Amino acid sequence: MIANVSAADDAGNSAVISDGENAEEPDIPDLYFEDDFNVTLENINKYFPNGVLASNYSNCNLTFSGEFNNLGVLTISQRNVTIDGKNSLFINTVLDVAGSDVVLSNLSFVLNDSFYDNEFAAILVRADNVALNNINIDCIALEDTTAYGIYSSGTSRHPVDNLTIFNSTINFTGQNYNADVYNYALRMDYSRNAIVYNNTINTKLVLRGINFNTGRVASDSDYSLAVSAIYCDDLLFIGNDVTCDAIGRSFGFPTLDCFFMWGSNNAFILNNSFEMTDFFTYRGVDNYLYGLDIYSLANLTVANNDISINTTGGRLSAGAAYPIQLTGPLSNVTIVYNDLCSVSNGPNIGIYSSNSGGNTALYIMYNRINITGLAGEDSWALVAGIEGQDSNDIIMNNLIEVHSTGDVDENTNIYGISYSQSSPGDHSFDIINNTVLSDGFYSVYLESAVNSTITHNTLISYQDDIEDGHNGYKKGDGVHESEMSYNNLVFNEFDYNAQRANDIDSGYVFNYTAVENDRNLSNIIDASGIAGKRIFDIPNFNPLIRNDTIRHHTNGGAAANYQEDEDSDVPAGPVGPSIPDAGEGNSSSNIPSNGSNTGGNSSSVSPQQGNSTGGGDSPSVNPKPRDIPEGMILPGDSQNTVDNSTETNSSSEDKTEYVELPDTPDGDNGYVEDYNYHPRTPSNNQQSNKPINPANGNSTQNSGLNLRELLVAYVNSNTEGGENNVQSYGGRSQATNQTSSGPSVTGSDAAIGESKSTESSDSSAASSSSAGESNSGGTDSSTSKNAYELNDVVKTIKDNVALGIVLIILCLICLVVGYKRQKTN
C-alpha cells in the first residue's frame, strides 16, 4: 500500500507528498509507509547515513541494486524491514542486524577482509525474528584473523530468538595457521528456537589445537570448525549439506570439527550430510577429526544423517576420526537411522560416548556404521562401531562393519560394540540384535557391566580360522553383575554367504520369499448351510472315481509320504525337507528347502496345504504329486481291465492303506456321523485294506475304465437315466430318493434305459406321462435319455427360445405403431 510519504530536499526542508501532490506538513513525526525503496551505491547515504539505517525507514522494503564496494558495516537498527538484493553484490561490505523482524533475501557477499567492528562476521544477528533466505557468502579470512560467515550473537541475559536460515550457501576458508583465533562458517550462541534448513556450507579449515584455558570443553575451546551451536535450545538443523576439508595443521592436538554443539537442549539434527576429509596429514601422524561433537545436553535426536570422514592421518593408539562423539552429562539422546562411515590409519570409532563429564543415557538403534582404522592390543588402539563408556545405553538393531589396516588376532581390540576404555561409575547396557561384519573375533566386548543384557547379536567374521558358534561376546576383567547373555552367534563370512546363497559356485541363486497372508484371508470354509455331506478336501481327487481313496504310504519310496497329524483333524500334507535358519529360536525361513529340519520353531507355506504350523518341522514348499488311483487308465495305456475287487493277501509286501470316504447311514456299522475334515477309519468288522461301498458296505473296486466311459457315467449320474436322481457336491453324489441300488458306474444302456421307480400316486404319474408325450413328441417321459441323446433336447430348447424372441419383437413393433397412431390422432 502506498500512502503519505515524507521526503527532504538538499536544504533539509521537509514536505509531505500525497498521491504525487504537495500537502501541508503534519504535526506528528514523519513516517514512511511506502512498500519499496530502491537503494544503489549513489543514494545509499540517504538510507544509511553514517552506515546506519535511518529511523524513519522502519516497516519498509529496501531493494539493493548494483555493487556495494568497501562500505564496511551497514547496520539495520530498525524493526520490520525487508531487504532484497536480487541484482546486488556486497564486496567487503557486511551487515549488522540489530532490529527485530528483519528479512534478508537474495544477497551475495564476497569478503577477504577483517571486520572487527562487526564481530568479524559477514552477517551479524543481534535481534529476534530474523530470517535469512537465499544468502550467498564467499569468505576468505585473513591469515591468523578471526572470521565468521554468519554469527548469531546472543547472550545468557539477551538471547536471540527465532533465527531462521534457509536456502543459503556459505563458502568459507580459514587461515589461522599460527594464531589462536576462531574461524567458523556459522556460529550461533544463545540462539533459541533457531531453524537452519536446506543450506550448503563448504569450509576449508586448518586443524588447530584445543584451547584448554577454559578449564573444560566449552564454546571457545575449538578454533576451527564449520558449524557451532552453543546453548541453542530447541534448535532444528535439518536438510543441510556440510563439508569440511583440512588445508593445514598446527602442533599439539590438531583438531577439526564439522558440527560442534554444547548445552543445546531439545534439539533435532535430521536429514543432513556431513563430510570431512584430511589428506594433508600423513600416515603415522595423529590428527583428531569429529563429525558431530556434542556436549552436556538433554533431549537430542540425531536421525537420518549421512556422516563420512576420510583421512590419511592417524597412528597406532593416537588420533581420531569419529563420525559422532558425545561427552556427558547427557540424557535422552537418540541416535537412529544414520549412515556413518570413517577411514583412517589410527584409532577409529563410529559413535564414541563418554560419561567423563557426567552421567550419560543413549538410545542407539537402526544405524549403518562402517569403520576402518588401525587396531592393536592397547586399549587406546581401538577400532569399533560403537564405544559406549556410558551409564546406561540401549543399543539395538544396528548393522556394523569394522576393519583394521593391520594384522588382527584374538587379542586385537576390534569390535562391533564395546566398552573398552575405563570411565567412572557403573555401566549398564542392553545390546540386542545387532549384526557385525568384522576382521576380528568378537561382536561385543565389555570391560565391565551391571544389570545388562547382551543377546541375539551376530558376528560375521572375515577370519578364515574362526569357528562357528555362540561365543561372540567377550567379557573383560572388570565386574560383571546381573548380566544376561546368550545367542551371540559367530559365523565365518564364507560359510555365512554360502549358506545364504545356497550355491557356492556363484551360479544361479533362487531366492524364495514366503507367501504372506497380508489380507487376513482364511482357508476355513463353513459349508454348514449347504445340503448334503461336507466332504473333506483330498489333494488331486478325481471326481470320476466314486470310491477314490487317499493312499497312505508307510513304506516310503518314490511316492509322496502323506501322513495324518495325530494332533489335528486336518490331513497333513506331504512332509518334505527344509533348510535350517542361520540363527536359533523362533524364526521364519525364506530359503528353499534342501536339507534336514532344524530344531527351532519355523514355518513355511505349502501350496497344497495352505497354512501350516509346527513345532520345528517345516513342510516342504514343493510337495511331490500323489499316486494315480488304482484302476484308472490314462490315455495311451492298455484298455484291458483288471478286477481289483478281490481281497489282497494279508501277507503281501504292499503296505498301502486305504482311508475311506464318509459312509451313508445305512446300518452297515461303517457309518461315522462326524463330518469334520478328516478321513473315516473303517469299523472293526471291515477289512482295513478294502474300500466300503457306500450303499451296502460290500467291497467294490472300479474295474479299468477309460476316460470317456468314466465321463459318460459321471454325466449320467446327474441325469434321470440311472436308477437314482442325484445331486453332486464336489464330484460326490447323494441320492434324493430311496432306491434299491445306485446308478450304474459303467454307464450301460440297459441301466440307462430302465424306468425309474417312484413312490408317487398313479394320477401324478399319469399327468407326468402326458406332459412327457406332449413335450417330446410322444416319447414317454419315464424313459430317460442317454448322454449322447441330449443334443436333441438342447436343439428343441434352442428352437423354442428363437421362436419366443421372434414373437417378442413382433409385439414390440405393434406397440410402437400403435403409439405413433395415437400420437398422430
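Let me begin with one residue, tyrosine 462, which is partly exposed with a relative accessible area of 29%, where buried means under 20% relative accessible area, exposed over 50%, and partly exposed in between, using a 1.4 Å probe and protein chains only. I should say early that this is a predicted model, in which local features need pLDDT of at least 70 and side-chain atom pairs count only at pLDDT 80 or more, while totals for chains, interfaces and linings use all residues. Residues are numbered from 1 along each chain as its sequence is written, and side-chain values use heavy atoms, with hydrogens and water left out.

Back to tyrosine 462, which lies in the loop between strand 41 (458-461) and strand 42 (473-475); helices (H or I, at least four residues) and strands (E, at least two) are DSSP runs, numbered from the N terminus. Leaving aside residues up to four places away in sequence, tyrosine 462 touches Glu401, His403, Leu437, Ser438, Asp439 and Glu493, a contact being heavy atoms within 4.5 Å. Its C-alpha atom is separated by 6.4 Å from that of asparagine 492, although these two residues are 30 residues apart along the chain.

Now the whole protein. There are six helices and 50 strands, and of the 825 residues, 44% count as buried. Among the contacts with a separation of 6 or more, 69% are between residues 24 or more positions apart. The protein exposes about 41400 Å², with carbon and sulfur atoms supplying 49% of it, and these areas come from the Shrake-Rupley method with a 1.4 Å probe, where for residues only the protein chains shown count as cover.

Which side chains of strand 11 are buried? In a regular strand the side chains alternate between the two faces of the sheet. Along strand 11 (residues 136-140), Ile137 and Cys139 point to one face and are buried, whereas Asn136, Asp138 and Ile140 point to the other and are not. Strand 11 pairs in the parallel sense with strand 8 (residues 108-111) over four bridges, and two strands are said to pair if DSSP finds at least two bridges between them. In that pairing, phenylalanine 109 stands opposite isoleucine 137. Strand 11 also pairs in the parallel sense with strand 15 (residues 169-173), over five bridges, and there isoleucine 140 stands opposite threonine 173.

Phenylalanine 109 brings us to the aromatic rings, since it forms one aromatic cluster with Phe48, Phe64, Phe68 and Phe90. How many aromatic pairs are there in the whole structure? A search finds 25, where rings of Phe, Tyr and Trp (its six-membered ring) pair if their centres lie within 6.5 Å, and planes under 30 degrees apart count as stacked, over 60 as edge-to-face and the rest as tilted. Phenylalanine 64 and phenylalanine 90 form a tilted pair, 5.6 Å centre to centre and with 50° between the planes. This pair links distant parts of the chain, with phenylalanine 64 in strand 5 (residues 60-76) and phenylalanine 90 in strand 6 (residues 81-97), 26 residues apart. Phenylalanine 64 counts as buried at 1% relative accessibility, and phenylalanine 90 counts as buried at 1%.

Lastly, the cysteines: taking a disulfide as a pair of cysteine sulfur atoms within 2.5 Å, the count comes to zero. Cysteine 811, for example, is in no disulfide, and the nearest cysteine sulfur, that of cysteine 814, is 6.5 Å away.
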